[in-house]
Amino acid sequence: MSNHKSGFIAIVGRPNVGKSTLLNAIIGEKIAIMSPKPQTTRNRILGVHTKENYQMVFVDTPGMHKGKDLLNKTIDKVAVASIHDVDVVLFVVDTIKGAAEEHIMNHFKYLKIPVFLVINKIDELKGKSGIDEVILSYLGSYDFEGVIPISAKDKTFLDRLEETLVPYLEEGPLFFPKEMKSDQSEQKLMSELIREKILYHTEQEVPHAVAVVIESLAENPELNTVDVSALIIVERATQKQILIGKAGDKIKKIGTEARKEINQLLNTKIHLTLWVKIKKDWRNRPNDLKAFGYGEDV
Ligand SMILES: Nc1nc2c(ncn2[C@@H]2O[C@H](COP(=O)(O)OP(=O)(O)OP(=O)(O)O)[C@@H](O)[C@H]2O)c(=O)[nH]1
């Protein structure tokens with residue numbers, strides 16, 4: 001017999017509001033990549049948070065938005081699907097209500113699941129009046145279960161957020177083993193960390209045109225390392241040039257930063273080789289999307 005409580009909690013919101021930062025802060029470990037660029041997260045990621053008496057399974061979703069290409073549509077589908085299959089939804093915002101937020105709230109219309117309004121980045125809002133202004137812009141347009149102001153970056157009021165969620169969990173066995181923190185494979189986390197470094201070091205259209213896949217992983221017993229070969233896919237020759245940089249300086253920097261963080265997070269010593277390949281219009285090709293790991297969750 002178990003006296004555990006457990007449940008699924010979806011984190012949804014416009015791109016760049018801090019969903020992945022919130023997930024990592026709750027889990028206490030980096031399981032989702034984060035960046036100042038919108039649309040960083042492309043797949044659904046589970047974060048498992050187990051305490052003595054309960055287990056919360058957070059579902060980090062890609063930022064919901066109206067996109068034109070097939071990748072964007074696939075991403076949006078992943079996010080929309082995830083709100084229907086959980087016990088609670090956290091709708092994360094960081095500003096007053098705009099068109100992007102209204103687009104998301106349209107998906108709540110027929111939802112029978114409680115939705116909390118989570119105001120993130122309160123460290124940037126000007127005191128209580130700044131927070132109130134944001135809250136007021138949302139009230140009246142949806143019957144939220146409650147409002148929770150937080151700062152994911154500073155980890156402010158995250159304990160309050162967690163306490164608020166406990167009553168929504170249901171009695172029953174744990175969904176995942178206690179030690180498990182995420183459902184992402186190490187291989188997926190590696191490719192995501194490489195993509196995160198690319199997001200930090202490129203601008204404009206390049207971040208959105210990039211996919212990363214791990215081509216091979218091989219243990220090297222002599223050196224006690226793991227040899228990792230990763231393929232970076234872009235859409236055009238100009239993007240490849242930008243990524244490689246003058247005399248290869250940019251790709252080298254990306255590789256060094258990714259290697260260091262992978263070593264630290266996975267507690268292994270890897271030797272990383274990056275290859276850049278052009279695949280025209282991959283974001284609109286269903287087979288390419290599948291091959292690069294997008295849309296598997298819907
Ligand atoms: N000031 C401040 N910045 C924050 C906070 N939380 C997140 N950020 C920043 O907001 C940016 C976006 O954060 P992410 O966690 O990648 O946002 P996201 O909502 O997951 O973004 P997508 O994956 O694009 O949907 C990053 O630069 C974060 O450092 C916060 O509480 N305060």
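Two strands count as paired if DSSP finds at least two bridges between them. Helices (H or I, at least four residues) and strands (E, at least two) are DSSP runs, numbered from the N terminus. By these rules β8 and strand β9 (residues 225-234) pair in the antiparallel sense over nine bridges.

The model is a predicted one: local features need pLDDT of at least 70, side-chain atom pairs count only at pLDDT 80 or more, and totals for chains, interfaces and linings use all residues. Residue numbers start from 1 along each chain, as its sequence is written.

## Domains

The protein is divided into domain 1 (5-171) and domain 2 (186-291); such bounds come from an automatic or database domain assignment. Their C-alpha centres lie 28 Å apart. Domain 1 gives 10 residues to the contact and domain 2 gives 13 residues, where contact means that the C-beta atoms of two residues, placed from the backbone, lie within 7 Å. By class, the side of domain 1 that touches domain 2 has three nonpolar, four polar and three charged residues. For these classes, Ala, Val, Leu, Ile, Met, Phe, Trp, Tyr, Cys and Pro count as nonpolar, Asp, Glu, Lys and Arg as charged, and the others, Gly among them, as polar.

## Strands β1, β4 and β5

Strand β1 (residues 5-13) and β4 pair in the parallel sense over five bridges. β4 and β5 also pair in the parallel sense, over five bridges. Within β4, Phe91 is the bridge partner of Val12. Leu117, in β5, is the bridge partner of Phe91, and Val115, in β5, is that of Val89.

Burial is judged by counting other C-beta atoms, placed from the backbone, within 10 Å of a residue's own: 20 or more make the residue buried, 12 or fewer exposed, and a count in between partly exposed. In β4, six of its six residues are buried. In a regular strand the side chains alternate between the two faces of the sheet. Both faces of β4 are covered, with Val88, Leu90 and Val92 buried on one side and Val89, Phe91 and Val93 buried on the other. Strand β5 (residues 115-119) is mostly covered, with four of its five residues buried.

## The sheet of β8, β9 and β10

An open sheet of three strands has the order β8-β9-β10, with mixed pairing. Its edge strands are β8 (211-220) and β10 (270-278), each pairing on one side only. Neighbouring strands of this sheet are turned by 15 degrees against each other on average, direction ignored. Asn220 stands opposite Thr225 in β9. Helix α8 (residues 237-244) lies across β9 and β10 and runs at about 155 degrees to β10. For such angles, axes are lines fitted to C-alpha atoms, for helices over the stretch in contact, and the angles run from 0 to 180 degrees between N-to-C directions.

## Three loop residues

The table gives the burial of three loop residues.

| Residue | Burial | Other C-beta atoms within 10 Å |
|---|---|---|
| Lys97 | partly exposed | 17 |
| Phe157 | partly exposed | 18 |
| Ala247 | exposed | 7 |

Lys97 is found in the loop between β4 (88-93) and α3 (99-106). Leaving out residues up to four places away in sequence, Lys97 touches Glu102, Ser137, Tyr138 and Ser141. Lys97 and Gly28 are 69 residues apart in sequence and 30 Å apart in space, C-alpha to C-alpha.

Phe157 lies in the loop between β6 (146-149) and α5 (158-165). Its phi is near 65 degrees, a positive value in a residue other than glycine. Ala247 is found in the loop between α8 and α9 (249-266). Ala247 is not a glycine, yet its phi is positive, at about 55 degrees.

## The ligand

The ligand is surrounded by 24 residues, and the closest are Gly18, Ser20, Thr41, Gly63 and Lys153. A residue is near a molecule or strand if its C-beta atom, placed from the backbone, lies within 6 Å of it. Helix α1 (residues 19-27) gives the most to the shell, with three residues. By class, the shell around the ligand has seven nonpolar, 12 polar and five charged residues.
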